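Visitor: I should like to examine a protein model through a series of questions. Please show the sequence and the structure first.

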Amino acid sequence: MALLLVGCVDVSGVVGRAVSSKKIAFIVNVDWFFVSHRLPIALKAIEDGYEVHLLCAVTDRQEYLEGLGIIVHSFDFSRSGKNIFNELGSIYKLYQQIKKIKPDLVHLVTIKPVIYGGVVSRLAKVPAVVSAISGLGFLFVKSRGIKTVLLRSMVLFLYRLAMNHNNQRVIFQNPTDRQALVDAGGVQESKTRMIRGSGVALNKYPMLPEPEGLPVIIMASRLLKDKGVCEFVEAARIVNSRGLKAHFKVVGEPDEGNPENVSRALVQFWQDEGIVSCLGYRSDIAPLFSQAHIVVLPSYREGFPKVLIEAAACGRAVITTDVPGCRDAIEVNITGLLVPARDAVSLAAAMLTLIDDVTLRKKMGLAGRGLAEREFSIDKVVAAHFA
């Protein structure tokens with residue numbers, strides 16, 4: 001397993017040495033994202049005797065993570081940071097941390113850690129780097145505007161710097177993102193690998209029968225404009241205006257560090273309007289999906305949305321958008337329906353289709369569970385990362 005985990009690391013001199021001499025450093029934005037998207041990989045590494053470090057902004061998960069044997073280092077990546085001197089200071093502090101830890105491999109997840117960690121790993125001469133592109137971000141959603149074009153060019157230049165380590169693999173979750181960065185010269189194609197999503201523990205997301213009563217249509221996401229939450233609410237208005245009753249629920253919180261954030265005032269307006277129920281952040285996604293009939297994600301672009309994997313595991317039909325990441329997470333017209341992004345009218349029409357056709361909805365849910373079992377089990381995803 002040592003050979004599997006370090007993969008691209010030269011292990012020729014490791015034979016006979018204790019596995020615990022190897023160190024892995026995960027670098028991510030914030031601890032809750034690590035818990036939801038990378039924790040099983042870290043736990044498998046610990047099980048195999050590796051010393052695991054985590055550098056991230058800490059919230060309330062630090063004690064929990066340390067109880068699992070992970071060494072947590074508080075490090076705050078300001079996602080909205082625009083002061084060049086502050087950003088250079090962050091890079092230097094990260095360099096100091098990496099020099100102190102001396103990892104044999106760093107695993108970088110989300111945009112700033114991938115860029116800053118990639119540059120720092122080269123400077124600190126870390127033996128091996130694995131970078132995970134979980135999505136290309138809002139700059140690759142918008143195609144117009146000189147500011148967006150300039151920012152995108154700068155980010156591509158930084159990707160080239162960060163992905164030029166001699167001993168590096170870059171994990172993509174969908175082929176569109178991979179091709180975009182390869183074509184732009186951001187990464188060499190020979191360094192890329194494809195792993196579809198972060199996986200799901202199938203035993204924690206059981207497939208249960210649909211509940212009785214009015215259909216429940218749910219969206220679970222950070223409350224960002226480019227997640228399509230405004231289109232979800234408008235589609236709910238359209239469905240209600242046609243006299244077809246359903247319960248609409250939005251699960252998630254605003255993300256105030258993101259430029260696409262939906263204001264809390266707007267969320268309160270939706271709640272007061274009574275068209276949708278805004279439930280805020282919830283950790284009980286599996287029970288919520290089991291109590292729903294349809295799961296919706298009308299995002300403008302994704303890496304590979306975990307929420308659609310969770311919906312499939314729970315045996316729920318999904319409606320999502322025909323954009324990178326989202327379309328890769330379903331089997332079109334088999335496990336769910338695709339609609340154009342930014343189109344509340346088409347979204348409402350798809351909702352009406354699945355509200356009306358109970359047989360189709362249940363057939364899609366059953367096919368979704370089959371897809372999750374074939375492609376998205378956490379064991380398969382962890383094994384792919386180790387390889």
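Visitor: With which residue does Arg 282 form a salt bridge?

Guide: The model is a predicted one, and the pairing is read from its side-chain atoms. Arg 282 is partly exposed at a relative accessible area of 29%, and its partner is likewise described as partly exposed, at 27%. The closest N and O atoms of the pair are 2.8 Å apart, and a salt bridge requires a separation within 4 Å. The partner is Asp 284.

Visitor: How many salt bridges does a search of the whole structure find?

Guide: Besides the pair just described, a network of salt bridges links Lys 44, Glu 47 and Asp 48. The search of the whole structure gives a total of 19.

Visitor: Are Glu 87 and Lys 112, which form a salt bridge, buried or exposed?

Guide: The closest N and O atoms of this pair are 2.8 Å apart. Glu 87 lies in helix 5 (residues 84-101) and Lys 112 in helix 6, so the salt bridge ties together parts that are 25 residues apart in sequence. Buried means under 20% relative accessible area. Glu 87 has 10% and Lys 112 has 14%, so Glu 87 is buried and Lys 112 is also buried.

Visitor: How many residues apart in sequence are Arg 196 and Glu 375?

Guide: The side chains of Arg 196 and Glu 375 meet in a salt bridge, with an N to O distance of 3.7 Å. Arg 196 is in the loop between strand 7 (192-194) and strand 8 (216-220), whereas Glu 375 is in helix 14 (residues 358-375). Arg 196 is partly exposed at 31%, and Glu 375 is partly exposed at 36%. The pair links distant parts of the chain, and the separation is 179 residues.

Visitor: At roughly what angle do the axes of helix 3 and helix 15 cross?

Guide: The axes of helix 3 (residues 39-47) and helix 15 (residues 378-386) come within 10 Å, and their crossing is right-handed. The contact is made by Pro 40, Ile 41, Lys 44 and Ala 45 of helix 3 and by Ile 378, Val 382, His 385 and Phe 386 of helix 15. The crossing angle is roughly 65°.

Visitor: Which residues make the nonpolar surface patch of about 240 Å²?

Guide: One of its members, Leu 68, lies in the loop between helix 4 (62-67) and strand 3 (71-74). Leu 68 is partly exposed, with a relative accessible area of 30%. The patch is made by Leu 43, Tyr 64 and Leu 68.

Visitor: How far apart in space are Ala 57 and His 293, C-alpha to C-alpha?

Guide: Ala 57 is in strand 2 (residues 51-57) and is buried, with a relative accessible area of 14%. Leaving aside neighbours within four places in sequence, Ala 57 is in contact with Asn 29, Val 30, Asp 31, Phe 75 and Asp 76. Ala 57 and His 293 are 236 residues apart in sequence, and their distance in space is 36 Å.

Visitor: What is the phi of Arg 342?

Guide: Most residues other than glycine have a negative phi. Lys 125, in the loop between helix 6 (111-123) and strand 5 (128-133), has a positive phi near 60°. Arg 342 lies in the loop between strand 13 (336-339) and helix 13 (344-356). Although Arg 342 is not a glycine, its phi is positive, at about 65°.

Methods. Residues numbered from 1 in each chain as written. Predicted model: local features only at pLDDT ≥ 70, side-chain atom pairs only at ≥ 80, totals over all residues. Heavy atoms only, no water. Patch = residues over 30% accessible without salt bridge, like charges linked within 9 Å, V, L, I, M, F, W, Y side chains within 5 Å. Areas by Shrake-Rupley, 256 points an atom, 1.4 Å probe, with all protein chains shown as cover. Helix = DSSP H or I, 4+ residues; strand = E, 2+ residues; numbered from the N terminus. Buried < 20%, exposed > 50% of the residue type's maximum accessible area, 1.4 Å probe, protein only. Axes fitted to C-alpha atoms, helices over the stretch in contact; angles between N-to-C directions. Left-handed = near helix turned anticlockwise from the far one by under 90°. Contact = heavy atoms within 4.5 Å.
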